[in-house]
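Visitor: I am new to this structure and would like a close look at a single part of it, namely chain B. Please take me through that chain slowly, and set it beside its partner where that helps.

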Amino acid sequence: MAAPMDSVGKPSADRSAFNSTSFQKKTRSKLISIPGTRPSVQNGQLLVSTGVTSLDYLIGGGLAVGTVLLIEEDRYDSYSRMIFKYFLAEGVVCRHELFVAAAQDNPDDILQELPAPILDDVAIHKPVDQPRLSCEPQDSLDAMKIAWRYQNLPKVQSALASTSRFGHYYDVSKTMEPEIRQAAKCHRFYLPEHPTQSSTTHSPMIESYSALLKSLQEVIHREGFDIAASMPKSRNILRVGLHSLGSALWGDDLSCHDNPRHSHALTTFLYGLRALLRSSLAVAVVTVPSHLIQDRALMGSITRLCDNAIALESFKGSERETNPLYKDYHGLLHVHQVPHLNCLASQLPDHKDLAFKLKRKQFTIERLHLPPDLSETVSRVSRGELAGATTVASACGSGTSGTKHLDF
Amino acid sequence: MLSELLQGTDTGGLLIIQDSSSCTGRHLLKSFINAALNREENIHVLGFEVSEEELGEGLNTSSPQRLCFHNAYSDPLGWTDHLTFTVHQFCLDELTHLVKQTSQSKPATLVIDSLSWILRHLSPPAVCKTLQQLKRGGAVRTIIGLLHADMHQKGTVGSVCHLATSVINVAPGMKGDEAVAKITKRSKSGKVMQCEEIFSIKDDLTVIVQSKPSHLEHKQTDPEEQQMDPTANLTFNLRLSDTERKAKEKLALPFVFSKAKKTALLHSGQGSGRILYEPDANDDYDQEDPDDDLDV
């Protein structure tokens, strides 16, 4: 036991009666507290909600400030646009600033279509199905007569949810009221309104991306989102939404040709974007029409250059629309990358088969699990349909429809 | 849905007819032109692939000033100095000027025959940009373009169709004069509708839409055949009468334990096993220790 030291001026509340040392744990210096953010429970990073609570759960609690989320668009850009709007709406509700860039639609039109937040209810989703507790043995013993040993095993939980709620819910059928929307500060970048100057330097980036990066850098510097900036006023987060980068309307032929001439334009831009974001209090969501990009190696490097990457695959128009397995959902969601931020291992989602459904008040992402098949011939057929093996002649010969009654 | 598209009620859209070498879409394009002429609209045609005479065959020529054909067939690249429409004039300013020159009263419909020709000579991003600007500007009411899908890379076709509000994919049908149209339509609210129809075009360029293709019906009959009841038509009895059912429920199952044992087995989480012994009818379970009367 060390000798007690009288330290004048130190708050005595920290010292208990038995603690006789003057050792005090150093508190975290300058924990920035910004509305709408919270520190991650895993590594202490400051997290921001994406607007979709199930997506927050998948990418480790939320989007870390200073990172980029890549969304690979579905075929008709319906659901990726919805997530884009959720992200911006969350920014308006949390009173962050927005930066929206688009080449196809005017950012004002996108901002007018933001969904209305549901502000009165605290918890919308049904409580997660708890496994049966041991305090109710009577009911549980009567439930199963033969398989009673399986009673206390938890049921399959398909909904993804974490215990603490972070983020808001939105009603898709209504648009956000103009008063709420105008309270948030929005910076816009609409490509047709920016005159393209031909650059004299031979950079691999094309003019539209250079203009976008310059505009973003200027906004970050002017509004004081740099981490190094010594502004005394309260800090805020800048939410950057870049719609449909890599499409032909940005002047990039990445999605038009198999061997694009500007093959490094988008990758250089993403590299510059990530460098810019790492030194500022900003988060970015980028959507890319990956179904048009034929070069898979290039798509792979685009994925690697972003911190988080998810891909949406909607069932509309594909043969999966009529598959009874997928009848409750609107599409599949693939997580291609989770970030490694100051750590060696990252938090991968434990289930890889995920499906999403856009409901009026919630965008749910659930684990896709096969229900028990009770009929004899269905199981073999549906497995074949899932793997797309109808055109592949397998050794068992179960590819053609005529032999599906063979069950070994 | 093909008939609704032919009526042309939606404005401000881009309609693309995708065809291939096995089935041409030009007849459908001419049907669209004819339908617009019957509705007394002004039409501007950029003709790159066929000459004016060939395109005008069968069209309703009652009011020839409504159909304005810009000849890009004879000299598309402008090699001679004749005043024809060249491919380099495919940009917003020139097209707006061209359209406004001839029809001032109401916005015209622009028909492009074909987009493939333009895509071979201009870069796809530039073509997409022009189409998007035309869509947004007020000079043109709708744009109808013909695209040969097998002439371009998949990415190019995909990029151009990504901009379109409606895409009609024409494929050969089962019979000679029939064709199958796969239609994808995007509404302003973002909803996507898809449909597949068989159609044929008569000599006066009217489109007759028939029912949906028959291969979809085959798939529906197959699962119905499988759901035959296997317990029907048996020579032995599989059903239970009431007394039999009651006797079945009363039967003691071999591994049925008492409630205490069940709860103990279910909730034993302490790790070590416990031996729970329930004496059978044949066991002689005497609680007393037989060694008690030993006087040692």
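Guide: What follows is a walk through chain B, from the whole chain to single residues, with a short look at chain A at the end. Please keep in mind throughout that this is a predicted model.

Taken as a whole, chain B has 296 residues, of which 40% count as buried, and its secondary structure comes to 10 helices and 9 strands. If one takes the contacts in chain B between residues at least 6 apart in sequence, 64% of them join residues at least 24 apart. The surface that chain B exposes is about 18,200 Å², and carbon and sulfur atoms supply 52% of that area.

Two patches on this surface deserve a look. One is a patch of negative charge, in which Asp280(B), Asp283(B), Asp284(B), Asp286(B), Glu288(B), Asp289(B), Asp291(B), Asp292(B) and Asp293(B) gather. Glu288(B), a member of that patch, lies in the segment after α10, a helix that spans residues 259–267 of chain B. Glu288(B) counts as exposed because its relative accessibility is 60%, and the cut-off for exposed is over 50%. The other patch is nonpolar, covers about 300 Å² and is made by Leu234(B), Phe236(B) and Leu238(B). Phe236(B) sits in the loop between α8 (215–226) and α9 (242–250) of chain B, and with a relative accessible area of 51% it is exposed.

From the patches we can turn to the backbone, for which some background is useful: most residues other than glycine have a negative phi, and most peptide bonds are trans. Against that background, Glu40(B) has a positive phi, near 60°, although it is not a glycine. Glu40(B) is placed in the loop between α2 (26–38) and β2 (43–47) of chain B, where its relative accessible area of 46% makes it partly exposed. A cis peptide bond, with omega about 0°, joins Asp113(B) and Ser114(B). Ser114(B) belongs to the loop between β4 (108–113) and α5 (115–121) of chain B.

One further loop residue of chain B is Gly58(B), which lies between α3 (52–56) and β3 (67–71). Gly58(B) counts as partly exposed because its relative accessibility is 47%, a value that falls between the cut-offs of 20% and 50%. Once neighbours within four places in sequence are left aside, Gly58(B) is in contact with Asn34(B) and Leu205(B). Between Gly58(B) and Ile183(B), which are 125 residues apart in sequence, the distance from C-alpha to C-alpha is 25 Å.

For the short look at the partner, chain A has 408 residues, with buried residues making up 44% of them, and it has 9 helices and 14 strands. Its accessible surface comes to about 22,400 Å², and 54% of this belongs to carbon and sulfur atoms. Here too a residue other than glycine has a positive phi: the value for Asp77(A) is near 55°. Asp77(A) lies in the loop between β4 (68–72) and α2 (79–93) of chain A, and it is buried, with a relative accessible area of 8%. Leu354(A), found in strand β13 (residues 354–358) of chain A, is buried as well, with a relative accessible area of 4%.

Notes:
Residues are numbered from 1 along each chain as its sequence is written. Chains are lettered from A and ligands numbered from 1 in the order in which they are written. This is a predicted model: local features need pLDDT of at least 70, side-chain atom pairs count only at pLDDT 80 or more; totals for chains, interfaces and linings use all residues. Side-chain values use heavy atoms; hydrogens and water are left out. Helices (H or I, at least four residues) and strands (E, at least two) are DSSP runs, numbered from the N terminus. Buried means under 20% relative accessible area, exposed over 50%, partly exposed in between (1.4 Å probe, protein chains only). Patches are made of residues with over 30% relative accessible area and no salt bridge: like charges are joined within 9 Å, nonpolar side chains (Val, Leu, Ile, Met, Phe, Trp, Tyr) within 5 Å. Accessible areas come from the Shrake-Rupley method with a 1.4 Å probe; for residues, only the protein chains shown count as cover. A salt bridge is a side-chain nitrogen of Lys or Arg within 4 Å of a carboxyl oxygen of Asp or Glu. Lys and Arg count as positive and Asp and Glu as negative; His and the chain ends are not counted. The place of a charge is taken as NZ of Lys, CZ of Arg, CG of Asp or CD of Glu. Contact means heavy atoms within 4.5 Å.
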